[in-house]
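Biologist: I've got a protein chain open on my screen and I'd like to talk through its cysteines. Could you walk me through them?

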Amino acid sequence: GAVESLLDRSSHVQLLDGSVVELDQSLRAVILESLHELSSNALRVLGFAYKDDLTEFATYDGDEDHPAHKLLLKPETYSSIESNLVFVGLAGLRVRLFVYFILDPPRKEVPRAIEDCRTAGIRVMVITGDNKATAEAICRDIGVFGRHENISSRSLTGKEMEGFFSQGAEPRHKQEIVRLLKDSGEVVAMTGDGVNDAPALKLADIGIAMGIAGTEVAKEASDMVLADDNFSTIVSAVGEGRSIYNNMKAFIRYMISSNIGEVACIFLTAALGIPEGLIPVQLLWVNLVTDGPPATALGFNPPDKDIMKKPPRRSDDSLISPWILFRYLVIGAYVGIATVGIFIIWYTRSSFLGIDLSGDGHSLVTYSQLANWGQCSTWNNFTASPFTAGNQEIKFDNPCDYFQTGKIKAMTLSLSVLVAIEMFNSLNALSEDGSLLTMPPWVNPWLLLAMSISFGLHFLILYVPFLAQIFGIVPLSLNEWLLVLAVALPVILIDEVLKFVGRCTSGMRSSSSKRSLKHKEE
């Protein structure tokens, strides 16, 4: 067993010539020096001892009726049974160590995985039954400790930790450590392979058992089983989990900001008193058909490039933070303003941003007339000219119908802006804080395909006369499409600015988190 434990229970030492002498302090010091030398070379060191005077155990053969058998049923008698031993020697072994299931020498990918954990704000703690010097040597090899770092306060033996716990029993140390970490608000992932690891695996937030070397008891007590017994696989799983969570947020962010925009559009139309810009069948089309493919494709977003450089989120963090809610409202407000704004532009302006809108021959009105269109019948000398929409000519016997029948072109522009702006908004959802310059649209080809499908469906209802009639829209000219793009594209610029602000504040939080992590480690 452990050399230190055997020395505590040994009273004599067998020398090289076979003679047995009393174990004194000088011999103890020599043995411990040899132990330290072997352990410092990352060897697992086992001590060997025997006992000649077996008393009642001399005739014990495993029979349950033997008097000695009753002693074995009482753990409190073990120390007296294994006493007055003759220490024989020690051996350094290169075997599989329980140091987070790392082979000795460690797998080449482990140091990198440890560094990734540190960058991601994850503390790696090694709990092992091996000699302290052996564990420290391996921890230095894999990067848990620096090569020349002073770890006097960061490496403790079971006996040194007994003062922290109500009991000093070694199998309980892992449980006590897990409990202390959870009580301090940490999310604890615990790895283990043995039967005695099961209670700690059960207690941890995430229990991880070894699939190859693990016992069935450990596997049953765990939340997940590691198929390849490789620490770097856990780190990869953390990155994948963060990516899944981000993609879920991307879906929610896209849908909520888009729906806020639609609500804002309806609210602004009513508040301004202008004619209705979107009818129910159009809103249903946008929600059920046009938005569907991009929202689904966001689930295939690749991980952010800095996903493992961000600090972990707290387990009690809300899905929608105040900052994210603010972003939803800003983007939603712009969607509403743009959708209503293009409706007003068509009625009141002959050109916008240098784009000529007079080609269809429609009549211009003032904003005041548009906002008070219900009083049209009282206006003197008001007229409205017919205008073209594709191959159609839109005309009306009553000039006041210009605000009802004649709004078909303005309504088509509003619907097209809503569709286009939500397609561009799906690009914003590629990353919560990452710019499109660092995470361009083609990183998710499924999203580009989904956008193409949505635009294709919109073109279908625009340019197929039967469908256009159902949805109450008309074909648009090239200049009108340029106007749609000019009004829709700024949603990307607005979110880029918001992302930049988010990155700045996130960077400050990350620095604070790393300082906190360093303080905890110290």
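Biologist: Is the link of Cys376 and Cys400 left-handed or right-handed?

Modeller: First, a heads-up: this is a predicted model, where local features need pLDDT of at least 70, side-chain atom pairs count only at pLDDT 80 or more, and totals for chains, interfaces and linings use all residues. Residues are numbered from 1 along each chain as its sequence is written, and side-chain values use heavy atoms, with hydrogens and water left out. Now, the angle about the S-S bond is -95°. That makes the link of Cys376 and Cys400 left-handed.

Biologist: How far apart are the sulfur atoms of Cys376 and Cys400?

Modeller: A disulfide is a pair of cysteine sulfur atoms within 2.5 Å. Cys376 and Cys400 form one, with their sulfur atoms separated by 2.1 Å.

Biologist: How many residues apart are Cys376 and Cys400 along the chain?

Modeller: Helices (H or I, at least four residues) and strands (E, at least two) are DSSP runs, numbered from the N terminus. Cys376 sits in the loop between α15 (367-371) and β10 (387-389), and Cys400 in the loop between β11 (392-394) and α16 (408-428). So the pair links distant parts of the chain, 24 residues apart.

Biologist: Is Cys117 buried or exposed?

Modeller: Buried means under 20% relative accessible area, exposed over 50%, and partly exposed in between (1.4 Å probe, protein chains only). Cys117 has 4% relative accessibility, so this residue counts as buried.

Biologist: And which class does Cys504 fall into?

Modeller: Its relative accessibility is 39%. Therefore Cys504 counts as partly exposed.
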